[in-house]
Amino acid sequence: MFPLVALPTRFRSLPIARQVALITLFAQMVFYLPALTPYLLARGLNLTQIAGLQSILIWTMLVLEVPTGVLADRLGHHWGQRLALVCLVAGEAGFLFARDYPAFMLVQVVTGAGFAFASGSVDALVYESLPQPPTDRTEAMQRAKGQIGVAYNLGSLFAFFVGGVLVADLSLDRITLAMALSVAAISIACAGSFLVIAPREQTSTAGSRGSLALVRDGVALLRQSPQLRRVVLASLLTSAFGAHLLVLYGAYFLESDVPGGWFGPALGIGATLAMIGQRFAYRIVGVLG
């Protein structure tokens, strides 16, 4: 049997892209997610309030995107990933103990801060770990993103099916157990993030240019590129769809008297399709340009 004490050494010997993929795998094990809406309804929230929680999460991410990016540039992108997971652990633990709407709102703010820290830090950490030019870093990044995307959806797939079994009766006790398991899984991911060693390039890059200068460059690029503006606008208009559908599907299942045992597999089927798409998305670039 492989000794547990050797796991950190083996983990650190992996390429950073694979380290991030493993961390992502555990971070996505949110076992209670299939029963999110029934749980919040049982805690006395209505559907409007539940949808509002998703909006709070999204707006927190938007508002904190630049400040967390600046902080991650100052501290290093590996610290951005660590802070993201610390926030996610705190958010999941808070969700476990929250009992009223203001408490759930605070949990969403903390979770949104975690997503904001992760949004740029993780990609930057992986990109800076890739081989230096003349190697094609673009293709290497696409492959790395594919690996991370597979881990993301594989973690979700595992959590949805296992969590779906755990919460099949939609009882508060079983959902609470699923929440506790989620906190444990994300805590493992958080611990793993502290084993990731930042690539050397990150320190020199972060120090060579100020974060606010990079923000100004981004704004200037948006002004100069109509195509980029269209991509950003499309992202803004569609980014909330998944979050709200996650709430509405549960309400629809309850209204339609769908057995609780189907809540998890329904999400699992979606995660399977997403995983296949993530795995081969880089090939679309080669076909379409």
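**An all-helix chain: overview, surface patch and two loop residues**

Thank you all; starting at the N terminus, the elements of this protein run α-α-α-α-α-α-α-α-α-α-α-α, which amounts to twelve helices and zero strands, where helices (H or I, at least four residues) and strands (E, at least two) are DSSP runs numbered from the N terminus. Please keep in mind that this is a predicted model, in which local features need pLDDT of at least 70 and side-chain atom pairs count only at pLDDT 80 or more, while totals for chains, interfaces and linings use all residues. Residues are numbered from 1 along each chain as its sequence is written, and side-chain values use heavy atoms, with hydrogens and water left out.

Let me begin with the overall form. The C-alpha trace spans about 55 × 55 × 40 Å along its principal axes. The radius of gyration is 20 Å, which agrees with the value near 19 Å for a compact globule of 289 residues; this radius is taken over C-alpha atoms, and the globule rule is 2.2 Å times the number of residues to the power 0.38. Of the 289 residues, 41% count as buried, where buried means under 20% relative accessible area, exposed over 50%, and partly exposed in between (1.4 Å probe, protein chains only). Among contacts with a separation of 6 or more, 81% join residues 24 or more positions apart, a contact being heavy atoms within 4.5 Å.

Now to the surface. Which residues make the nonpolar surface patch of about 580 Å²? They are Trp59, Leu62, Val63, Leu222, Val232 and Leu236, and the elements that give two or more residues to this patch are helix H4 (47–75) and helix H11 (226–255). The largest share, three residues, comes from H4. Val63, which is found in helix H4, is exposed, with a relative accessible area of 57%. Such patches are made of residues with over 30% relative accessible area and no salt bridge (a side-chain nitrogen of Lys or Arg within 4 Å of a carboxyl oxygen of Asp or Glu), and nonpolar side chains (Val, Leu, Ile, Met, Phe, Trp, Tyr) are joined within 5 Å, like charges within 9 Å.

Finally, two loop residues deserve a look. Most residues other than glycine have a negative phi. Leu170, however, in the loop between helix H7 (137–166) and helix H8 (172–193), has a positive phi near 55° and is partly exposed at 24% relative accessible area. Asp257, in the loop between H11 and helix H12 (263–288), has a positive phi of about 60° and counts as exposed, at 66% relative accessibility.

Key
Accessible areas come from the Shrake-Rupley method with a 1.4 Å probe; for residues, only the protein chains shown count as cover.
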